[in-house]
Amino acid sequence: MALTVISAKYPPHIDPTKTPLAYGDRALPRLNRELNDENLMTRQRAVMSLCDHLHDPEHIAEALKVGIAESLKKLLTDADITVRQKSTECLYVIGCHAIGRDAFIEHNIIPPVSKLFDDKVDVARKNAHQAIEMISETPLGAEGIVKADLIGTLVMKLKSELEEIKKLILDTLHFCMRVDTEKALKADAMQVFTSLLSHKDPAIRACAARDIMDLSAPLDGKNKAVEVNAVPALVGLLEDKSPDVKANAAGALMIITITTKGKYTALDAKAIPPLVSLVDDPTSEVRANSLKALTCLSEAPEGRSTLLQHVDKIKKHLTDEIPAVARAAQIAVRVIEWKP
């Protein structure tokens, strides 16, 4: 005869780690109230539920309307790691939407999120960097990060952070340097980026070369790249297996060799042979950037005399299927064959 077994387990559709959602438009006001509760378990369950709830884009605007952003801002300093971790994750999800990025600026959330860069728990730091990286993708967000004086902190973190987080920092700096390069130069960012060109991860090498290209836009950046020996390292990356690494390395050389000092530094580093070989690369961005770099090098008499031997190879790309490559080849041929 079968007997009834009394179980202490919850039914399978009930998760004890999350607070039950109220019905309809009462869900978010109740969650907001519980986020500010004095009981730790109530806060934990509320932030866990909120994180799932916000993954539906329809809930973002309503969440901001009821004051969720301010509540999450307060929870960033909570003593409990679960609360801090899930709060930063919620803010990252909010930051994925335009209205959420505006809320970051409006509620001044960038400084408190940045304080979690020093958190002892890896996941909390990663979530914080993800949120800041997402905000930096808009000009207003990047400007907010620069005004919060975080450039020096981000550059410093590149020296010690985990590999996964380094990629996020490099992406954040990429967007911030479109707004301001001066602070990055003062923080010795060029030297840090150059040290990452030899990293084992191709994604980090590509991002470091891209950031050198960004930082080399002003004259001081070009001079700094020559000073810290970034040019020989970039020339070495022209033979990398990753197309992104090659494209960004050629792009950085293209910017640095605009100056006379940059041209002769690249010529001394034997940049022409690998750049000429990249002219036939299957990736269009690699072809375009290598042609532009060769154009800059051909403005030096020594570069022009060497490239005259390869001009026929460049001419083959005058009819390249990619218009940008064909245009770059046309300019390169004109500069190489120029006669005084």
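**Chat: two loop residues, two helix pairs and a core**

Me: Let's start with Asn108. Is Asn108 buried, partly exposed or exposed?

Reply: Asn108 counts as partly exposed, because its relative accessibility is 46%. Keep in mind that this is a predicted model.

Me: Where does Asn108 sit?

Reply: In the loop between helix 6 (98–106) and helix 7 (110–114).

Me: And what's the phi of Asn108?

Reply: Near 55°, so to speak on the positive side, in a residue other than glycine.

Me: What about Asp149, which value does phi take there?

Reply: Asp149 has a positive phi of about 60°, and Asp149 is not a glycine. You'll find Asp149 in the loop between helix 9 (139–147) and helix 10 (151–157).

Me: Buried or exposed, that Asp149?

Reply: Asp149 counts as exposed, because its relative accessibility is 53% and the cut-off for exposed is over 50%.

Me: New topic, the core. Which residues touch the most other members of the largest nonpolar core?

Reply: That core has 105 residues, and the ones touching the most other members are Leu50, Leu72, Val113, Leu173, Phe193, Ile212 and Leu234. Helix 17 (residues 243–256) gives the most to this core, with nine residues.

Me: Take Val113. What is Val113 in contact with, leaving aside neighbours within four places in sequence?

Reply: Leu76, Leu91, Phe104, Ala128, Ala131 and Ile132 are in contact with Val113.

Me: Back to helix 17. At what angle do helix 16 and helix 17 pack?

Reply: About 145°, with the axes of helix 16 (residues 230–237) and helix 17 sitting 8 Å apart. From helix 16, Val231, Leu234, Val235 and Leu237 make the contact, and helix 17 brings Val245, Lys246, Ala249, Ala252, Leu253 and Ile256. By class, the contact of helix 16 with helix 17 has nine nonpolar residues, no polar ones and one charged.

Me: Which hand is the crossing of helix 16 and helix 17, left or right?

Reply: Left-handed.

Me: Now helix 20 and helix 23. Why are helix 20 and helix 23 called roughly parallel?

Reply: Helix 20 (residues 284–297) and helix 23 (residues 323–336) pack at about 20°, with axes 9 Å apart. Angles under 35 degrees count as roughly parallel, so helix 20 and helix 23 fall in that class. The crossing of helix 20 and helix 23 is left-handed.

Me: Which residues meet there?

Reply: Helix 20 offers Ser284, Arg287, Ala288, Leu291, Lys292 and Thr295, and these meet Val325, Ala328, Ala329, Ile331, Ala332 and Val335 of helix 23. The contact of helix 20 with helix 23 splits into eight nonpolar, two polar and two charged residues.

Key: Residues are numbered from 1 along each chain as its sequence is written. This is a predicted model: local features need pLDDT of at least 70, side-chain atom pairs count only at pLDDT 80 or more; totals for chains, interfaces and linings use all residues. Side-chain values use heavy atoms; hydrogens and water are left out. Axes are lines fitted to C-alpha atoms, for helices over the stretch in contact, and angles run from 0 to 180 degrees between N-to-C directions. Helices (H or I, at least four residues) and strands (E, at least two) are DSSP runs, numbered from the N terminus. Angles under 35 degrees count as roughly parallel, over 145 as roughly antiparallel, 65 to 115 as roughly perpendicular and the rest as oblique. A crossing is left-handed if the near helix is turned anticlockwise from the far one by less than a right angle, and right-handed if clockwise. Contact means heavy atoms within 4.5 Å. Ala, Val, Leu, Ile, Met, Phe, Trp, Tyr, Cys and Pro count as nonpolar, Asp, Glu, Lys and Arg as charged, and the others, Gly among them, as polar. A nonpolar core is a set of buried Ala, Val, Leu, Ile, Met, Phe, Trp, Tyr and Cys residues joined through side-chain atoms within 4.5 Å. Buried means under 20% relative accessible area, exposed over 50%, partly exposed in between (1.4 Å probe, protein chains only).
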